[in-house]
Structures are given as structure tokens and as C-alpha cells.
Amino acid sequence: MTLLKKEVMLEKFKNNWFFGLKKKILLSFVVFLLGALSYSIISFSVPLISSKNCKVQSWPLWVTFVENFISYDGRVMDNNPTFNQTTSEGQSYGLFFALVNNNPLLFEKLWVWTKNNLMRGDENNLPSWSWGQNKSGIFTVLDKNSASDADLWISYSLLEAGRIWKNENYTQAGLRILNKIESLEIVNIPSLGPMMLPGQFGFATENPKSWEFNPSYLPIFQLSYMDNINPKGDWNQIAINSLKMIKETSPIGIVPEWVSYQYDEFTKAGFFYVVPTRGTISSYNSIRVYLWAGLVNKKDPLSNELLSLTRGMAKIVEKKGFPPEEVSVSNAEGDKLAPYGFTAALLPYLTALGSSSLAKSLFITAKENQIKTTKTENRDTNPAFYYDYILSLFGVGHFENRYRFAADGKLELPWLQLRCKFPK
């Protein structure tokens with residue numbers, strides 16, 4: 001081969017190699033731009049994930065909750081010093097936020113503990129609502145009755161974990177609990193229709209015919225979700241009846257803790273009324289009604305009506321600058337400053353009502369008070385309370401765009417936008 005031919009071939013190789021390199025660089029740049037563009041149009045306004053491995057970035061509030069309230073084996077502990085108690089509510093919220101934070105290992109621990117203890121080792125049982133240390137010092141179920149709000153959250157979290165993590169076992173477990181709720185906790189009330197009782201036992205009387213309800217047990221977004229899971233069920237009508245309940249018992253937009261429905265055999269008519277012994281105020285139960293109202297997707301057909309029916313709490317906070325711990329449902333009186341969890345719970349609600357400036361101000365206040373409970377030197381005087389953390393996880397988490405509910409009730413999570421692959 002002549003020297004001239006060698007030089008020509010070498011030049012062609014250089015040109016081809018350089019052109020190929022340029023194509024690769026150009027292609028990589030285009031892919032990068034498309035990825036950046038697709039990420040920028042995600043509805044979540046803050047980057048909470050690492051695109052490299054779909055790992056959710058650390059959420060200090062959740063990390064602190066896990067450290068303070070979840071045992072190594074998956075038990076969520078509240079602050080009850082007498083019984084060293086765990087409730088089905090605590091387990092249900094733990095499952096939900098383990099899913100939100102894309103932590104399948106913790107989710108499994110929580111679920112296994114719930115099955116083995118609250119469900120007494122049988123997935124065909126509804127969870128008992130209370131577990132802890134009895135008078136003999138033995139850890140066991142303290143009350144076998146169910147709590148339907150927790151049952152609903154557990155079923156929801158399992159079904160969504162099954163969908164998101166592609167886990168059929170979770171899907172089937174969620175469906176089993178849903179079937180139990182429908183058969184054991186939903187009743188068909190004369191002149192009203194279907195409603196979900198707070199638990200399997202103890203919330204209905206025969207003389208007079210009456211049923212007791214807790215308005216905070218019926219989040220609209222979950223009822224919409226269950227209606228999509230089982231369109232032949234009663235969930236849509238339960239959602240409509242729950243708004244009827246709030247409308248008839250909250251004339252000034254302050255929702256009571258407990259309400260009853262009474263049916264008159266003679267007139268064949270019924271009516272909701274506030275339970276005199278424990279329903280005349282809006283407090284630790286009802287704070288969740290405002291929270292749930294703020295979490296409902298604006299496209300849900302019941303969203304605007306729900307916000308309108310509960311507007312009384314917003315008026316109080318706008319006037320006082322803070323949520324009271326207890327508010328009269330008849331005259332809106334109440335001046336005692338509520339724990340910081342109440343403040344956090346109202347963030348989605350105030351935002352949904354258009355009070356963004358007030359929500360931002362309360363967000364700062366809630367964060368400051370929450371931080372006080374995490375500092376070692378403050379723990380004796382400002383202990384970390386389970387319920388404040390739960391309300392904060394919901395309220396602050398939503399305010400920081402860590403999760404959303406779609407119009408059909410499905411979870412919308414920022415890390416899901418990356419189409420992460422999960423082990424089956």
C-alpha cells in the first residue's frame with residue numbers, strides 16, 4: 001500500500017470517527033433536552049426525586065416520624081403512656097406515607113405487623129382498632145372492634161401499592177378488606193340510603209332507630225376511588241350522603257365531631273343531628289374534615305360544595321390568625337390555641353379556598369413549632385406528639401407537593417413521572 005493511500009484512509013477514518021462522535025454528542029444533548037423539558041412540565045413544582053435511581057429525596061418530617069413512632073418490626077406507636085398503644089389508624093397512615101415515600105421495605109413491615117397483630121393472623125378479619133399492653137402486662141388486642149376510617153385507608157394504601165409497585169398480593173389484600181368494609185361496616189338506612197358506620201359494632205340502636213357517624217371518617221377522594229374500584233357498590237351515594245350530613249349539622253360551616261341520624265317509623269322520615277354529649281364542638285376529629293376537603297382534586301364534582309359547606313373554619317382562622325383547639329359548631333366561639341398539627345392540617349384547605357398568603361404564613365408557623373419537638377433540648381417540654389406529626393405529614397406534605405390525589409382518587413406522586421421500574 002502506498003504512502004498516499006495510507007494517508008487517505010487515515011483521513012477518512014478520522015472524519016468518520018469525528019462525525020460519529022458528533023452524532024452521539026448531538027443525540028445525547030437532544031435526549032437531555034427532552035428529559036429536562038418533560039420533567040419541567042410535571043405538575044409538581046419542586047424536585048423531590050433523584051432521576052438516577054427513582055429514590056425519593058429525604059423528607060426530614062417523615063424521617064423524624066419513623067424514628068420517633070415506628071418500631072423496628074413495623075408497629076406505629078402513639079403517645080398513650082397507659083397502654084403503650086397502637087391503633088389501626090396509626091398503621092393505616094404509616095402504610096400510606098411509606099408508599100408516598102417509595103419505601104416498599106417499610107411498607108411490608110407495617111403490613112406484616114398489621115396482619116399478624118391487628119388482624120390476628122387472618123387477612124379475612126377486619127383490623128382491630130386498638131392493640132397494646134393490658135392490665136396483666138401482656139401485649140395483645142385491647143378492643144376487637146374495627147375503625148372504618150383506618151380500614152378504608154389500609155385498603156386504599158394496599159390497592160395503590162399494588163398498582164404502583166406492581167404487587168398483586170397487595171391488590172388482593174386491599175380488595176379483601178374492601179369487601180369486608182362493604183359487608184360489615186356499610187348499612188342501608190331508611191329514607192337516607194347507604195352510609196359507612198365508624199365501626200362494625202356499637203354505632204346503631206333500635207329504639208329509637210338511630211345511627212352514629214364521624215364526619216372525618218369519610219374522605220371524598222377515597223370514596224371516589226372506591227367507586228372506581230367497585231362501580232356496582234354504594235360509594236358514590238355514600239359520598240353524596242356524607243355531604244348531606246355535613247350540610248344538615250354544620251349551619252355555620254363548622255363541622256361537629258360526631259353526628260347521628262334518627263329515623264321515625266311513624267312519619268317514615270329521618271334527619272341528622274349533632275350528638276349532644278360529644279358533637280357540639282369541632283376539634284381533634286373534625287380537623288381532618290377540613291384537611292380532607294383541601295386534598296380533594298378540584299375536578300371532583302363534589303369538591304366545590306364540600307369547601308363551601310366547611311368554609312366556617314377558614315373565616316375563624318382569617319379572623320384570629322390561628323385555628324382554635326375547640327370551636328363551637330353553633331356560634332364559632334373558641335380561643336384556645338390549637339397544637340401545631342391543626343395549623344399544618346389546614347394548609348391544603350386554605351390553599352384550595354384561595355387563601356394562599358395565609359396558608360404560607362401558617363406553613364412557616366407549623367414548621368417552626370414542629371422543629372421545636374425534634375431538638376433534643378426541647379423534648380421534655382415540647383414532646384413529639386403522634387397526632388401532630390400525622391396531621392403535619394398530610395398538610396405539609398401536600399403543601400410541599402409531595403403527593404396529590406387525582407380526580408378519581410388515585411395517588412399522584414412526583415417520582416412516578418419517571419416511570420420507575422419496581423421488583424415484582
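This is a guided tour of selected elements of a predicted model, with a selection proposed at each stop.

**Confidence**

Begin by colouring the chain by pLDDT. The protein averages a pLDDT of 87, and 83% of the residues score at least 70. Next, select residues 1–52, where the pLDDT is below 50; beyond near neighbours in sequence, this stretch has 35 contacts in the model. Then select residues 376–381, over which pLDDT also stays under 50. For this second segment the model has five contacts beyond four places in sequence. Where pLDDT is low, the predicted coordinates should not be read in detail.

**The helix pair α4 and α5**

Select residues 104–118 for helix α4 and residues 148–164 for helix α5. Two packed helices are described by the angle between their axes and the distance between the axes. Here the helices α4 and α5 pack at an angle of about 135°, with their axes 12 Å apart. An angle of that value makes α4 oblique to α5. The crossing in which α4 passes α5 is left-handed.

Now display the side chains where the two helices meet. On the α4 side, select Phe107, Trp111 and Thr114; on the α5 side, select Ile154, Ser157, Leu158 and Ala161. By class, this contact of α4 with α5 comprises five nonpolar residues, two polar residues and no charged residues.

**The three-stranded sheet**

Keep α4 visible and add the strands β3, β4 and β5. They form an open sheet in the order β3-β4-β5, with antiparallel pairing. Which strands lie at the edges of this sheet? The edge strands are β3, residues 86–87, and β5, residues 139–143, each of which pairs on one side only. Helix α4 packs on the sheet and touches β3, β4 and β5. The direction of α4 makes about 80° with that of β4.

For the pairing itself, select β4, residues 130–133, together with β5: four bridges join these antiparallel strands. Within this pair, centre the view on Ser130 of the chain, which stands opposite Asp143 in β5.

**The β10–β11 hairpin**

For the last stop, select residues 259–264 for β10 and residues 269–274 for β11. How many bridges join these two strands? Six bridges join β10 to β11, and the strands run antiparallel. To inspect one of the bridges, select Gln262 and its partner in β11, Phe271. The two strands form a hairpin with four residues between them. Finish in the turn at Lys268, which has a positive phi of about 60°.

Note on methods:
Residues are numbered from 1 along each chain as its sequence is written. Side-chain values use heavy atoms; hydrogens and water are left out. Axes are lines fitted to C-alpha atoms, for helices over the stretch in contact, and angles run from 0 to 180 degrees between N-to-C directions. Angles under 35 degrees count as roughly parallel, over 145 as roughly antiparallel, 65 to 115 as roughly perpendicular and the rest as oblique. A crossing is left-handed if the near helix is turned anticlockwise from the far one by less than a right angle, and right-handed if clockwise. Contact means heavy atoms within 4.5 Å. Ala, Val, Leu, Ile, Met, Phe, Trp, Tyr, Cys and Pro count as nonpolar, Asp, Glu, Lys and Arg as charged, and the others, Gly among them, as polar. pLDDT is the predictor's confidence in each residue, from 0 to 100. Two strands pair if DSSP finds at least two bridges between them.
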